[in-house]
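Here's a quick briefing on the open and enclosed spaces in this protein, plus the site around its ligand. Have the viewer ready and follow along.

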Amino acid sequence: MNPVIEARNLRFSYDSGFQALRGVDFRLDPGQSMALLGPNGSGKTTFLLHLNGVLQGEGELRVCGLPVEPRHFVAIRRKVGLLFQDPEDQLFLPSILEDVCFGPLQCGLPPSEAEARARKVLHQVGVLDGWDRPPYHLSGGEKQRVALAGILALEPEILILDEPTTHLDPPARRLLLELLQSLPQAKLVVTHDTAFARA
Ligand code: ADP
Ligand code: MG
């Protein structure tokens, strides 16, 4: 089975000279769920940002068989759905529906199809109505589910979540867990929540 993510000796230094990745070897297989744990500042987010080419280091990195290089960024960004730690960083349009339609429209889907997809994924994440509301009126858990819907609307092969439970209360955490368990994609989840990681 070909891995969906494969890193060999991945290294990266920030402009400040700080070396955040010092030879990362990593592999994630199709359908596999993996939790990534580590202290603050250990380079978890830095690693995730390499997986869709936001940051580029040295060494080998392949996503769905494609080397993570500028010529493959468009293809790779459709395959990798990255949920940022703070959903505020991901939501920016005046209504929930428009926000979730944004990605599919960017990918060239006709508006009617983009909207059909948005409706489907909003149901999937449990946001069933009020889609004309502005995302900034939502609770933390709802914002996160809308942000996740925006990612699912692109039908990615890999889901990557950066500390997704930080802003969630226990019921919202349980909802997220059930949702993730119901999704077939390979998943890489950065978390400090060991119970969540185990589940
Ligand atoms: P984690 O997600 O595991 O908490 P990060 O990947 O965010 O860690 O950060 C890893 C290290 O890189 C930290 O020491 C952090 O201070 C440093 N770092 C992160 N972003 C930058 C940046 N833009 N410029 C310089 N150093 C950074
Ligand atoms: Mg981080």
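Which element gives the most to the lining of the largest pocket? That would be H3, with five residues. Keep in mind that this is a predicted model. The bullets below start with the fold, then take the pockets, the ligand and the cavities in turn.

**Overall fold**

- The protein chain comes to seven helices and eight strands.
- Its radius of gyration is 17 Å, close to the 16 Å from the globule rule for 199 residues, so the chain is as compact as a globular protein of that length.
- If you're setting up a box, the C-alpha trace spans about 45 × 40 × 40 Å along its principal axes.

**Largest pocket**

- This one has a volume of about 670 Å³.
- There are 25 residues in its lining, and Arg77, Gln90, Phe102, Gly103 and Leu154 are the ones nearest the centre.
- Besides H3 (96-106), the elements giving two or more residues to this lining are helix H2 (73-79), strand E6 (80-83) and H5.
- By class, the lining splits into 15 nonpolar, six polar and four charged residues.

**Second largest pocket**

- Here you get about 200 Å³ of space.
- Its lining draws on separate stretches of the chain: Ser33, Met34 and Ala35, then Leu177, Leu180 and Gln181, then Lys187, Val189, Thr191, Phe196, Ala197 and Ala199.
- In terms of elements, strand E3 (33-36), H6, strand E8 (186-190) and helix H7 (194-198) each give two or more residues to it.
- Eight of the lining residues are nonpolar, three are polar and one is charged.

**Ligand 1**

- The shell around ligand 1 includes Tyr14, Ser16, Phe18 and Ala20, along with a run of residues that goes Pro39, Asn40, Gly41, Ser42, Gly43, Lys44, Thr45 and Thr46.
- Helix H1 (residues 44-50) supplies the largest share of that shell, with three residues.
- Class-wise, the shell has seven polar, four nonpolar and one charged residues.
- Three polar contacts are worth pulling up in the viewer. A polar side-chain atom of Thr46 is 2.5 Å from an oxygen atom of ligand 1. For Gly41, a polar backbone atom sits 2.7 Å from a ligand oxygen. Lys44 brings a polar side-chain atom to 2.8 Å from an oxygen atom of the ligand.
- On its own, ligand 1 exposes 560 Å², and the protein buries 61% of that.

**Cavities**

- How many cavities of 30 Å³ or more does a search of the whole structure find? The search turns up two.
- The largest cavity holds about 50 Å³ of space.
- Its lining is made up of Gln85, Pro87, Gly140 and Gln144, plus the stretch Glu163, Pro164, Thr165, Thr166, His167 and Leu168.
- Six of those lining residues are polar, three are nonpolar and one is charged.
- The second largest cavity has about 40 Å³ of space.
- Gly141, Gln144, Arg145, Leu168, Ala172, Leu175 and Leu176 line the second largest cavity, with helix H5 (140-152) and helix H6 (170-182) as the elements that give two or more residues.
- Its lining divides into four nonpolar, two polar and one charged.
- Gln144 and Leu168 appear in the linings of both cavities.

Key
Residues are numbered from 1 along each chain as its sequence is written. Chains are lettered from A and ligands numbered from 1 in the order in which they are written. This is a predicted model: local features need pLDDT of at least 70, side-chain atom pairs count only at pLDDT 80 or more; totals for chains, interfaces and linings use all residues. Side-chain values use heavy atoms; hydrogens and water are left out. On a 1 Å grid over the protein atoms alone, a cavity is a set of points where a 1.4 Å probe fits but cannot get out, and a pocket is an open set with protein on both sides within 12 Å along at least five of seven lines; lining residues have an atom within 4 Å of a point. Grid points are joined across faces, edges and corners, and a volume is the space filled by probe spheres set on the points. Ala, Val, Leu, Ile, Met, Phe, Trp, Tyr, Cys and Pro count as nonpolar, Asp, Glu, Lys and Arg as charged, and the others, Gly among them, as polar. Helices (H or I, at least four residues) and strands (E, at least two) are DSSP runs, numbered from the N terminus. A residue is near a molecule or strand if one of its heavy atoms lies within 4 Å of it. A polar contact is a pair of N or O atoms within 3.5 Å; within protein, one must be able to donate a hydrogen and the other to accept it, and residues adjacent in sequence count only if both atoms are side-chain atoms. Accessible areas come from the Shrake-Rupley method with a 1.4 Å probe; for residues, only the protein chains shown count as cover. The radius of gyration is taken over C-alpha atoms; the globule rule is 2.2 Å times the number of residues to the power 0.38.
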